[in-house]
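Reader: I would like to practise reading single features from a model. Can we take them one at a time?

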Amino acid sequence: MPQSETTPPVVRLTDVSKSYVAGSIEVRALKRITLSIPADRFSMVIGASGSGKTTLLNLLGCIDAPSSGAVEVCGQTIAALDDDAVADFRARNIGFIFQNYSLIPVLSAYENVEYPLLLVGMPAAERRRCTQAMLEAVGLAAQADQRPNELSGGQKQRVAIARSLVKGPQLVLADEPTANLDTATGKAIIELMRRVQAESHTTFIFATHDPQLISHADEIFAIRDGELIEHRTMRAT
């Protein structure tokens, strides 16, 4: 999807800092981060453990709020929303993929994928259509009735990807999505996410250490000790 001069970025952080208090010590997790990412991107946030990658994803996912600075997601200034409005905005616009899959163990693959659509009140017939289409898109139509403990790691991550995409979000955030997968399965999952991203024009933002995943990046943001130290564009918008 070509970007026009007037297309707003999917995410924009302006002079964002985040601090936590641990006992009597203040920990500065992010320090004056300014960045923007346009639509239709496969972007990577890289850095050592403890560098601030997950904190950054939590801010972009509207799970946490900055200590200072402005966070804008999908054209919305998040500080302008109250808690209920933030929860509704997140449910409608943002998908999440986690390292440990975070599937609901008592639900089938189908029910896990359907769950976000229940949260936004989608009618039953449309839920069925969207859920079945997403399971087919990730190659798991035959496993629809299986629960997570009956699926392999790669299959669980495919369910998680389907769940993150089923509501058609503008933004998907993925925290180390290939960390628990062997190399071959990780490669297949990366190819699946890349294909879905190209077809849906959704922006994916990853926090990752995985060189195989990083090699697919459209752009890379390197963080060290809470500071953005490098931004490299690998593919033009």
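Author: Start with burial. This is a predicted model. Buried means under 20% relative accessible area. C74 has a relative accessible area of 17%, so C74 is buried.

Reader: Is C130 buried or exposed?

Author: C130 is at 12% relative accessibility, so C130 counts as buried.

Reader: How many disulfides does the structure hold?

Author: Look at sulfur distances. A disulfide needs two cysteine sulfur atoms within 2.5 Å. The structure holds zero disulfides. For C74, the nearest cysteine sulfur belongs to C62, 8.0 Å away, and C74 is in no disulfide. C130 is in no disulfide either; its nearest cysteine sulfur, that of C74, is 18 Å away.

Reader: Now the surface. Which residues make the nonpolar surface patch?

Author: Patch members need over 30% relative accessible area. Here Y20, I25 and V27 make a nonpolar surface patch of about 260 Å². Take V27 as one of them. V27 has 38% relative accessibility, so V27 counts as partly exposed.

Reader: Where is V27 found?

Author: In strand β2, which covers residues 25-37.

Reader: Next, polar contacts. Which backbone nitrogen does the side chain of D82 reach at 2.8 Å?

Author: Check the distance between N or O atoms; the cut-off is 3.5 Å. The D82 side chain reaches the backbone nitrogen of A85 at 2.8 Å. The side chain of D82 also reaches the backbone nitrogen of D84, at 3.2 Å.

Reader: Where is D82 found?

Author: D82 lies in the loop between β5 (76-77) and α2 (83-93).

How values were computed. Residues numbered from 1 in each chain as written. Predicted model: local features only at pLDDT ≥ 70, side-chain atom pairs only at ≥ 80, totals over all residues. Heavy atoms only, no water. Patch = residues over 30% accessible without salt bridge, like charges linked within 9 Å, V, L, I, M, F, W, Y side chains within 5 Å. Areas by Shrake-Rupley, 256 points an atom, 1.4 Å probe, with all protein chains shown as cover. Salt bridge = Lys/Arg side-chain N within 4 Å of Asp/Glu carboxyl O. Helix = DSSP H or I, 4+ residues; strand = E, 2+ residues; numbered from the N terminus. Buried < 20%, exposed > 50% of the residue type's maximum accessible area, 1.4 Å probe, protein only. Polar contact = N/O pair within 3.5 Å; in protein donor to acceptor, adjacent residues only side chain to side chain.
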